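Trainee: I'm new to this one, and I'd like to know how the labels get attached. Could we go through it together?
Mentor: Sure, let's put it up first.

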Amino acid sequence: MGVYGSFLAISLIFSTFFQPFRPEVFTSTSQLSEHTKVEQSLDKALQNYIKKEKQRLKKLKTFLRLKKKQSQKRLLDLEDLSGLTISPVDAFTTLNRFGKDWEDVGKQLRQREHREDFLNVLSEQNESLNLFSQMDFDGAMNALLRLSKVYDISPQNLLQGKIDKRSVKTVCTKGLINNQSRQLRQSIDQRIQNETCLIPTSFPPVQIDTQSITTRLTTMDSFRLGRQAYVTGHRLLAKTWLEHTISMMGNTQYALRDMAESTNRSEVLNYLAFIEYLFANYKKSLSYYQEMSRYDPSDEVKENVKIMEGLVAKNKVGERLSDDDDDQDEFMIEYANHCRKADQTVPLPSNDPRLNCYYDNRHPGSYLRPSKVETLNLNPRIEIFRDVLSDNEVDEIISLARPKLLRAGVNNLETGITELADYRISKNAWLRDQDSELVQKIDQRIGVLTGLNMNTAEHLQVNNYGLGGQYEPHVDHALNMSISPIRELGWGNRIATLMFYLSDVQAGGATVFIKLNVHSRPSKGDALFWYNLKKSGEGDLDTLHAGCPVLLGDKWVANKWIHEYGNEFLRPCGLTEDE
């Protein structure tokens with residue numbers, strides 16, 4: 001059969017049959033928390049089933065013990081079993097045992113009402129909350145793989161639940177900090193260390209108590225993650241996880257087993273051997289097949305050993321098969337680097353005095369309560385509005401959005417069709433002004449903060465990010481208005497974006513602007529604002545940004561996209577085309 005044939009059979013095993021459409025759990029931590037509550041009722045139902053099952057088995061054991069005593073007594077009275085039918089009494093008791101007693105045993109085995117009770121509870125919960133499907137398991141595995149890759153977490157640490165405390169790198173920059181900036185930072189609970197170095201404590205270092213993360217993954221989980229990485233085309237990542245699986249197994253061939261499935265050392269070695277073969281590492285592939293032959297001396301394995309020995313003897317240099325990770329462009333590499341940086345560093349003031357914090361009361365609506373503004377970038381302008389929403393307002397927004405959450409899609413740039421994509425893992429809900437008085441107030445507040453016309457702004461979009469939830473590098477404005485869904489609104493392109501942070505996130509989940517080296521970590525109640533278009537109306541590609549994967553915590557945000565029409569005089573054209 002050869003190398004290709006032997007592995008083809010393995011690959012076919014992992015073809016997955018999916019159920020009809022259902023909401024995925026892995027795309028939203030909100031729905032995942034609801035399933036955690038449901039698990040308590042299932043635990044109780046299972047305990048009840050086990051209790052009644054023990055009672056049933058106890059009755060059967062009592063019956064068997066009694067029958068053994070009766071049989072032993074009869075054997076002492078009779079020389080052989082054929083004598084059982086000699087006595088009419090013996091004949092009656094024999095017929096009674098097979099005609100009644102054993103029939104009762106059969107009834108007990110068939111009529112287990114407690115089993116049906118448990119299955120009914122399981123079915124009810126599945127219908128009401130859509131219990132996990134294969135899609136959810138695959139999504140959860142992909143999330144763990146994504147986190148290990150983006151944040152460079154080793155399989156060993158991830159399997160043990162150790163998400164290391166991130167060291168915070170701070171370099172004090174000598175620069176001007178105006179009094180207004182200093183007062184504002186103090187007003188939002190930030191402190192000044194000295195006259196020329198300010199460390200904002202609103203961006204605290206990630207402090208994760210690893211002792212509180214009690215869940216530990218098993219050797220079987222390590223194998224599943226390695227297999228999932230292989231199936232999804234990330235063979236380099238698969239190699240890392242499968243090598244760790246082998247190290248966890250030690251030198252034994254013992255089978256990895258849980259309630260779902262089982263495997264053994266030979267299967268893990270088969271994956272590793274084939275991966276090394278694909279990467280043209282023939283010597284390494286041979287070593288894995290040779291080790292595999294000690295546990296599985298089949299003709300198929302021997303043939304693979306022979307093939308590899310021939311390639312090694314000829315010193316043949318093969319062509320390395322490409323890996324999905326090889327195709328990462330510079331933006332994806334920068335994306336991962338920025339996500340790590342955002343989780344490890346604290347931004348400090350710039351030498352540019354224009355990058356500061358200030359009170360803004362230019363809008364009539366902010367005379368009595370000036371907006372707290374922190375400028376992150378000048379061109380394009382990126383700002384953070386501090387303390388925009390109260391905790392009560394955040395709670396109300398989330399409660400309004402929670403029952404409406406659906407899987408978030410993206411716009412296909414070639415077809416203009418909105419579709420699901422692995423690079424956006426979240427669920428969203430749209431809130432209209434009619435949904436709540438608060439939504440109307442938020443619209444008015446955004447107008448005060450930005451100075452823009454909200455009559456041509458889209459509804460408020462609330463997002464909840466799932467396991468390892470992310471949104472890879474993208475821009476918010478339409479690159480081709482002729483096929484963009486934005487065109488249907490008739491309001492022009494998206495001139496600006498305001499994104500509310502509705503939750504703090506313990507680790508990960510930062511918003512990073514790839515080309516600008518600018519990032520913002522989620523801070524509950526704050527809002528991030530930037531212009532998507534230049535003053536000329538041309539799309540600004542420097543606004544390429546991404547939502548980093550959530551490493552630990554629950555990320556909620558709300559987006560408000562403001563359009564061109566109605567803002568022609570509020571943000572007039574500049575003197576040059578590039579402004």
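What follows is a chat about why certain residues get the labels they do.

Mentor: Before we start, keep in mind that this is a predicted model.

Trainee: Okay. What is the chain built from, in helices and strands?
Mentor: The protein chain has 15 helices and 21 strands. Of its 579 residues, 46% count as buried.

Trainee: Let's try one residue, then. Why is T219 called buried?
Mentor: Buried means under 20% relative accessible area. T219 has 15%, so the label fits. You'll find T219 in helix α8, which covers residues 219-231.

Trainee: And which residues does T219 touch, leaving out those up to four places away in sequence?
Mentor: T219 touches T245, M248, M249, Y254 and L256.

Trainee: Staying in helix α8, what makes R224 and D221 a salt bridge?
Mentor: The rule asks for a side-chain nitrogen of Lys or Arg within 4 Å of a carboxyl oxygen of Asp or Glu. For R224 and D221 the N to O distance is 3.2 Å, so the pair passes. The two are 3 residues apart in helix α8, which means about one helical turn separates them. R224 is also buried, because its relative accessibility is 13% and the cut-off is under 20%.

Trainee: How many salt bridges does that rule give?
Mentor: The count comes to 16.

Trainee: How do you know that K404 and D435 form one of them?
Mentor: Their closest N and O atoms are 3.1 Å apart, and the limit is 4 Å. K404 sits in the loop between α14 (391-401) and β8 (406-407), while D435 sits in the loop between β11 (426-431) and α15 (437-450), so the pair ties together parts that are 31 residues apart in sequence.

Trainee: Why are K404 and D435 called partly exposed?
Mentor: That label is for values between the buried cut-off of under 20% and the exposed cut-off of over 50%. K404 has a relative accessible area of 36%, and D435 has 25%. Both values fall in between, so both get the label.

Trainee: What about R494 and E458: what makes them a salt bridge?
Mentor: Their side chains meet at 2.7 Å, N to O, and that is within 4 Å. R494 belongs to strand β14 (residues 494-501) and E458 to the loop between α15 and β12 (460-465), so this pair ties together parts that are 36 residues apart in sequence.

Trainee: Are R494 and E458 buried or exposed?
Mentor: Buried. R494 has 13% relative accessibility and E458 has 8%, and the label needs under 20%. There's also a network of salt bridges to look for, which links E374, R386 and D526.

Trainee: Let's turn to the backbone. What is said about phi of A280 and D152?
Mentor: Phi of A280 is near 65°, and phi of D152 is near 55°. Each is a positive value in a residue other than glycine. They get a mention because most residues other than glycine have a negative phi.

Trainee: Where do A280 and D152 sit?
Mentor: A280 is in the loop between α10 (265-278) and α11 (282-295). D152 is in the loop between α5 (134-150) and α6 (155-159). A280 is buried at 18%, whereas D152 counts as exposed at 59%.

Trainee: What kind of peptide bond joins N379 and P380?
Mentor: A cis one, with omega about 0°. P380 is in the loop between β6 (371-377) and β7 (382-386). That bond is worth pointing out because most peptide bonds are trans.

Trainee: Last stop, the segment after β21. Why is C573 called exposed?
Mentor: Exposed means over 50%, and C573 has a relative accessible area of 61%, so it qualifies. C573 is in the segment after β21. C573 and S536 are 37 residues apart in sequence, yet 5.4 Å apart in space, C-alpha to C-alpha.

Trainee: And which residues gather in the patch of negative charge?
Mentor: E538, E577, D578 and E579 gather there, on the surface. E577 is in the segment after β21 too. With a relative accessible area of 60%, E577 is exposed, because the cut-off is over 50%.

Notes: Residues numbered from 1 in each chain as written. Predicted model: local features only at pLDDT ≥ 70, side-chain atom pairs only at ≥ 80, totals over all residues. Heavy atoms only, no water. Patch = residues over 30% accessible without salt bridge, like charges linked within 9 Å, V, L, I, M, F, W, Y side chains within 5 Å. Areas by Shrake-Rupley, 256 points an atom, 1.4 Å probe, with all protein chains shown as cover. Lys, Arg positive; Asp, Glu negative; His and termini not counted. Charge placed at Lys NZ, Arg CZ, Asp CG, Glu CD. Helix = DSSP H or I, 4+ residues; strand = E, 2+ residues; numbered from the N terminus. Buried < 20%, exposed > 50% of the residue type's maximum accessible area, 1.4 Å probe, protein only. Contact = heavy atoms within 4.5 Å.
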